[in-house]
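Got the viewer open? Let's take a walk through this one, selecting as we go.

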Amino acid sequence: MVRTDDDSWEITQSVGSTALGVAAARAAETESENPLITDPFARVFLDAAGEGMWTLYANPSLLAQASAIEPEIASRAQLMVDFMATRTAFFDEFFMGAADAGVRQVVILASGLDARAWRLPWPDGTVVYELDQPKVLDFKNATLQEHGARPTARLVNVPIDLRQDWPKALQDAGFDPSRPSVWSAEGLVRYLPAQAQDLLFERIAALSAPGSRLASNVPDKGFIDPELVQRQRDEMQRMRAAAAQVVAADIPAVEDLWYPEERTSLSDWLRERGWEVSATDFPELMARYNRAVPNGSEHTMPPTLFVSARRLT
């Protein structure tokens with residue numbers, strides 16, 4: 001799964017398949033005894049997509065079979081579910097905080113199978129712009145429409161690759177850069193080269209009026225440490241090999257989709273440009289929601305920072 005400058009994908013392929021992994025983790029959390037988040041549409045996406053690596057997170061029977069082959073896979077799957085549950089809660093609360101502050105323009109970049117336009121209680125007058133590859137948005141909207149789902153805000157789809165001129169496409173779709181807006185770049189940045197990350201946030205800043213808000217999870221310090229990168233690859237290969245024995249589908253090498261490159265600090269970059277910034281790392285976020293990173297997992301987890309910001313000037 002070698003990345004190229006103009007690669008594209010179906011929902012079950014390449015970067016698209018990672019959206020199904022997120023949906024599977026959200027489904028597993030939603031169906032747990034004490035769920036931190038509720039996403040009634042996550043299971044719908046899985047059923048429509050069929051089997052893949054993502055199936056393990058939301059199918060206890062297959063997970064048990066894979067764990068018999070690779071004992072660590074159950075704990076790693078649970079960590080994935082906890083990661084996505086806390087990440088989802090972080091972004092949900094961020095969006096609702098912006099809504100409470102009166103922001104009515106919402107932009108979800110690389111929206112994937114995010115169902116916030118359908119499941120969050122948006123105030124009247126809210127417009128949600130979802131940007132992603134056309135095939136991803138087509139799958140998402142067709143699946144939800146088949147199940148009778150209706151958005152809880154005015155939803156505007158902007159089918160475009162974020163490597164193209166998405167600011168023009170967004171404004172052509174009705175976005176008003178003179179009004180405050182709220183942005184998310186969730187689960188996106190590590191799939192971008194470092195230069196593309198810089199361009200993404202430059203474009204967001206150029207479209208953000210004072211009072212606008214932004215949240216993103218980004219690679220933290222140590223993300224490109226060679227020993228850590230190799231441990232991550234080795235672990236993913238073991239998990240993938242076990243999954244391949246119980247899931248009747250191709251298992252993508254997700255780690256090949258990441259760009260382990262030195263990056264600009266988003267927190268510093270935003271502060272230098274008049275944004276008020278808050279940042280927390282993954283263990284701190286887990287603790288906020290009464291979850292914990294298992295001992296030893298810190299040696300293979302990609303260091304991640306959760307950043308939220310508000311433009312002051």
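Start with the strands: 7 of them form an open sheet, in the order β3-β2-β1-β4-β5-β7-β6, with mixed pairing. Keep in mind that you're looking at a predicted model. Now pick out the edge strands, β3 (154-159) and β6 (275-281), each of which pairs on one side only. Look at how the strands sit against each other: neighbours in this sheet are turned by 15° on average, direction ignored.

Next, zoom in on β2 and β3. These two pair in the parallel sense, over 6 bridges. For one spot to click on, select aspartate 132: its bridge partner in β3 is proline 159.

Time to add some helices. Show residues 134-146, which make up helix α7; this helix lies across β2 and β3 and runs at about 145° to β3. Then bring up helix α9, residues 194-206. Helix α9 lies across β1 (105-109), β4 (182-185), β5 (213-219), β6 and β7, and its direction is about 170° to β5.

Now switch on the aromatic side chains. A pair of aromatic rings is described by how far apart the centres are and by the angle of the planes. With ring centres within 6.5 Å as the cut-off, the count comes to 10 aromatic pairs.

Select Phe83 and Phe306 for a tilted pair, with 6.2 Å from centre to centre and 50° between the planes. Where does each partner of this pair lie? Phenylalanine 83 is in helix α5 (residues 73-100) and phenylalanine 306 is in strand β7 (residues 304-311), so the pair ties together parts that are 223 residues apart in sequence. Are these residues buried or exposed? Phenylalanine 83 counts as buried, at 8% relative accessibility, and phenylalanine 306 is buried too, with a relative accessible area of 1%.

Stay with the rings and select Phe95 and Trp122. Their centres are 5.8 Å apart and their planes are at 70°, so this pair is edge-to-face. It links distant parts of the chain, 27 residues apart: phenylalanine 95 belongs to helix α5, while tryptophan 122 is in the loop between α6 (116-119) and β2 (127-132). Phenylalanine 95 has a relative accessible area of 0% and is buried; tryptophan 122, at 7% relative accessibility, counts as buried as well.

For the last stop, select Phe83 again, together with Phe90, Phe91, Phe282 and Phe306. Ring pairs link these five residues into a cluster.

Technical notes: Residues are numbered from 1 along each chain as its sequence is written. This is a predicted model: local features need pLDDT of at least 70, side-chain atom pairs count only at pLDDT 80 or more; totals for chains, interfaces and linings use all residues. Side-chain values use heavy atoms; hydrogens and water are left out. Rings of Phe, Tyr and Trp (its six-membered ring) pair if their centres lie within 6.5 Å; planes under 30 degrees apart count as stacked, over 60 as edge-to-face and the rest as tilted. Helices (H or I, at least four residues) and strands (E, at least two) are DSSP runs, numbered from the N terminus. Buried means under 20% relative accessible area, exposed over 50%, partly exposed in between (1.4 Å probe, protein chains only). Two strands pair if DSSP finds at least two bridges between them. Axes are lines fitted to C-alpha atoms, for helices over the stretch in contact, and angles run from 0 to 180 degrees between N-to-C directions. Contact means heavy atoms within 4.5 Å.
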